[in-house]
Amino acid sequence: MGVAIRTAGERDRELVVRLLDEAFRNDPVSGWVFPGAEDRRAHHPRLMAAFTDIVLEAGRIDVTEDGSACALWMSVPADDPDGEGDGGGEDDGPARMREAVAPDNERIEQIGRLTAAVHPSGRAHEYLWMIGVTPGRQGEGLGTALIESVLDRCDREGLPAYLEASSARSRELYERLGFASCGPVLDLPEGGPAMWPMWREPRARKA
């Protein structure tokens, strides 16, 4: 049985924010950005809300019909220097994000600048910014279905795709979908976790 997917709109904002907060609360990168449990509970939902608002405005959010999984995509033009589409390419984007979420937390700004620095440029592509599955539904293939729906379009249109894997487990999933490492591993400072920049060339469609 297939997974029903639709494009999210403003009415889905709270659903998407809650889903991302639940899915990424214990993610290694979220734990690095917010190392204290109390601080993470207070500010992690606000960071997820900021991401959601950017993509609702300038990108696309796909959500499963039952609201259990979502994927945030940005269409990045060839001349985007930061790889964040129209919603976050300005030089002060990471600083504004920090100011909006938690001004005292420099890691919010730092993670934005570090990922922008390794983002490939020079070719238009689809950027999978985030994908989240509610913890009770992980392992059911929902994330794969969300990604494949966009990758199918990439293959039709001859577009590559890009993402940063935030765990070894997710990296293995993306490799099965045709992504490959495209640069040095991004080791977050101060003993932080690794992130793997990954690129997928479009696949030739069968006649």
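Which side chain of opposite charge is nearest to E164, and how far away is it? The answer is R171, at 14 Å. E164 is buried and has no salt bridge. The model described here is predicted.

**Surroundings of E164**

E164 belongs to strand 5, which runs over residues 161-165. Although a salt bridge is absent, the side chain of E164 does take part in polar contacts. One of them joins E164 to the side chain of Y127 at 2.8 Å. Another, of 3.3 Å, is made with the side chain of Y162. When neighbours within four places in sequence are set aside, the residues in contact with E164 are T115, H119, Y127, M195, W196 and P197.

H119, found in that list, also has a polar contact with H125: their side chains are joined at 2.8 Å. The polar contacts named so far are collected below.

| Side-chain pair | Polar contact |
|---|---|
| E164 and Y127 | 2.8 Å |
| E164 and Y162 | 3.3 Å |
| H125 and H119 | 2.8 Å |

**H125**

H125 is a residue of strand 4, which covers residues 125-133. Its relative accessible area is 1%, so H125 is buried. Residues up to four places away in sequence not counted, H125 touches M74, S75, V76, H119, P120, L159, P160, A161, Y162 and W199. Y162 is thus a contact of H125 and a polar partner of E164.

**The protein as a whole**

The protein has eight helices and eight strands. Its radius of gyration is 16 Å, close to the 17 Å that the globule rule gives for 207 residues, so the protein is as compact as a globular protein of that length. The C-alpha trace spans about 55 × 35 × 30 Å along its principal axes. Of the 207 residues, 51% are buried. Among contacts with a separation of 6 or more, 68% are between residues 24 or more positions apart. The exposed area of the protein is about 10,100 Å², and carbon and sulfur atoms supply 48% of it.

**A8**

A8 sits in the loop that links strand 1 (5-7) with helix 1 (13-24). With a relative accessibility of 11%, A8 counts as buried, because the cut-off for that class is under 20%. Not counting residues up to four places away in sequence, A8 touches V16, L56, I61 and V63. A8 and R60 are separated by 52 residues in sequence, while their C-alpha atoms are 7.6 Å apart in space.

**P202**

P202 is placed in the segment after strand 8 (194-200). Its relative accessible area is 25%, so P202 is partly exposed. Leaving out residues up to four places away in sequence, P202 touches C154, D155, G158, L159 and P160. L159 and P160 are also among the residues that H125 touches. From P202 to S68 the separation is 134 residues in sequence and 28 Å in space, C-alpha to C-alpha.

**E190**

E190 lies in the loop between strand 7 (186-187) and strand 8. Its relative accessible area is 59%, so E190 is exposed. What is the sign of phi in E190? Phi of E190 is positive, near 60 degrees, and the residue is not a glycine. Most residues other than glycine have a negative phi.

Terms used:
Residues are numbered from 1 along each chain as its sequence is written. This is a predicted model: local features need pLDDT of at least 70, side-chain atom pairs count only at pLDDT 80 or more; totals for chains, interfaces and linings use all residues. Side-chain values use heavy atoms; hydrogens and water are left out. Helices (H or I, at least four residues) and strands (E, at least two) are DSSP runs, numbered from the N terminus. Buried means under 20% relative accessible area, exposed over 50%, partly exposed in between (1.4 Å probe, protein chains only). Lys and Arg count as positive and Asp and Glu as negative; His and the chain ends are not counted. A salt bridge is a side-chain nitrogen of Lys or Arg within 4 Å of a carboxyl oxygen of Asp or Glu. A polar contact is a pair of N or O atoms within 3.5 Å; within protein, one must be able to donate a hydrogen and the other to accept it, and residues adjacent in sequence count only if both atoms are side-chain atoms. Contact means heavy atoms within 4.5 Å. The radius of gyration is taken over C-alpha atoms; the globule rule is 2.2 Å times the number of residues to the power 0.38. Accessible areas come from the Shrake-Rupley method with a 1.4 Å probe; for residues, only the protein chains shown count as cover.
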